[in-house]
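This report describes one protein model, going from its overall make-up to a few chosen residues. Please read it beside the sequence and the structure shown here.

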Amino acid sequence: MTLAGTLPIDPAVAQANERAVRRAQAAVGGVGVVPAVVLALVGLWWLGLLVVVAGIVLAVLAPGWGEQRAVAALGARPADPASAPRLHNVADALAVAHGLPRPTLLLVEDAAANAVTVGNGPATASLVVTTGLLEALTPIELEGVLAHELLRIERRDSVPATTAAWFPPAAGWRQPDDELATDRSAVAMTRYPPGLAGAFDKIAAVGSTVQRPGGPLAGCWLVAEGPAADSAVALADRAAALREL
């Protein structure tokens, strides 16, 4: 069972995310083109060939490097099962129940309550939460947030945060209708709308602005920061919409 039946993957979103990955690869791979041409012109064609081959290899590795750079920009660290058992237990239960690969779980030391996903697909994705989120939410509320982020991974909405290491996400990539649709699908997973609605109430009360938003990744958080926040649906409105279900 996959989540596609809960929230169909928008072909336009999937294509845009795929283009973002290809742009990152082209940018990295293209770095060596000019030096290779110069070397060929001066007779060092063999060295130019090596530069081209190295560029191709780097282009293939670019998406993985993007994930690493994104995690570094967020200041995230692995979530130890011993110190964050609730996070691991809830994520494991959701992944098993819905037939999904469990993402790598990471923590950001910050009193703000927020979460973000990074990765080019479900197999390599990381789910990042702040320590403030874990402290503020009950297990049921945390389940709603993690379901929301797992859906973003399934839909490859985690790609913009990954390729932000090379290109900032394009304006308008995050639409209000998408946010509300993902909220509804998350509560369809948990079968308990008050859980995610209550999480939004707590996040609004605690505050979602992290001290280290990750530069271009700021608009990729569950509660967007920076310019992307201007077009985002307010948490109170998202909670109210869920309570109407």
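A contact, as the word is used here, means heavy atoms within 4.5 Å. Among contacts in the protein between residues at least 6 apart in sequence, 72% join residues at least 24 apart. The model is predicted, so that local features need pLDDT of at least 70 and side-chain atom pairs count only at pLDDT 80 or more, while totals for chains, interfaces and linings use all residues. Residues are numbered from 1 along each chain as its sequence is written, and side-chain values use heavy atoms, with hydrogens and water left out.

**Overall make-up**

The protein has ten helices and four strands, where helices (H or I, at least four residues) and strands (E, at least two) are DSSP runs numbered from the N terminus. Read from the N terminus on, the order of these elements is α-α-α-β-α-β-β-β-α-α-α-α-α-α. Of the 245 residues, 49% count as buried; buried means under 20% relative accessible area, exposed over 50%, and partly exposed in between, with a 1.4 Å probe and protein chains only. The accessible surface comes to about 11,200 Å², of which 65% belongs to carbon and sulfur atoms, and such areas come from the Shrake-Rupley method with a 1.4 Å probe.

**Helices α6 and α9**

The axes of helix α6 (residues 139-154) and helix α9 (residues 193-206) come within 7 Å and cross at roughly 95°, the axes being lines fitted to C-alpha atoms over the stretch in contact, with angles running from 0 to 180 degrees between N-to-C directions. That makes α6 roughly perpendicular to α9, a term that covers angles of 65 to 115 degrees. On the α6 side the contact is made by Ile140, Glu141, Gly144 and Val145, and on the α9 side by Gly195, Leu196, Gly198, Ala199 and Lys202. By class, these are four nonpolar, three polar and two charged residues.

Phe200 also has its place in helix α9, and at 0% relative accessibility Phe200 counts as buried. Leaving aside neighbours within four places in sequence, Phe200 is in contact with Asp183, Leu222, Leu235, Arg238, Ala239 and Leu242. Phe200 and Ala236 are 36 residues apart in sequence, yet 7.2 Å apart in space, C-alpha to C-alpha.

**Asn114 and Glu225**

Which side chain joins that of Asn114 in a polar contact of 3.5 Å? The partner is Glu225, and a polar contact here is a pair of N or O atoms within 3.5 Å, of which, within protein, one must be able to donate a hydrogen and the other to accept it, while residues adjacent in sequence count only if both atoms are side-chain atoms. Asn114 is placed in the loop between β2 (104-108) and β3 (115-118), whereas Glu225 lies in the loop between α9 and α10. The polar pairs of these two residues are set out below.

| Atoms on one side | Atoms on the other side | Distance |
|---|---|---|
| Asn114 side chain | Leu222 backbone nitrogen | 3.4 Å |
| Asn114 side chain | Glu225 side chain | 3.5 Å |
| Glu225 side chain | Thr209 side chain | 3.3 Å |

Asn114 is buried at 0% relative accessibility, and Glu225 is buried with a relative accessible area of 11%. Not counting residues up to four places away in sequence, Asn114 touches residues including Val128, Leu133, Trp221 and Val223, while Glu225 is in contact with residues including Ser208, Val210, Ala218 and Gly219.

Ala228 is found in the loop between α9 and α10 (235-243) and counts as partly exposed at 24% relative accessibility. Ala228 and Ala218 are ten residues apart in sequence and 7.9 Å apart in space, C-alpha to C-alpha.

Note on methods
Parallel < 35°, antiparallel > 145°, perpendicular 65-115°, else oblique. Nonpolar A, V, L, I, M, F, W, Y, C, P; charged D, E, K, R; others polar.
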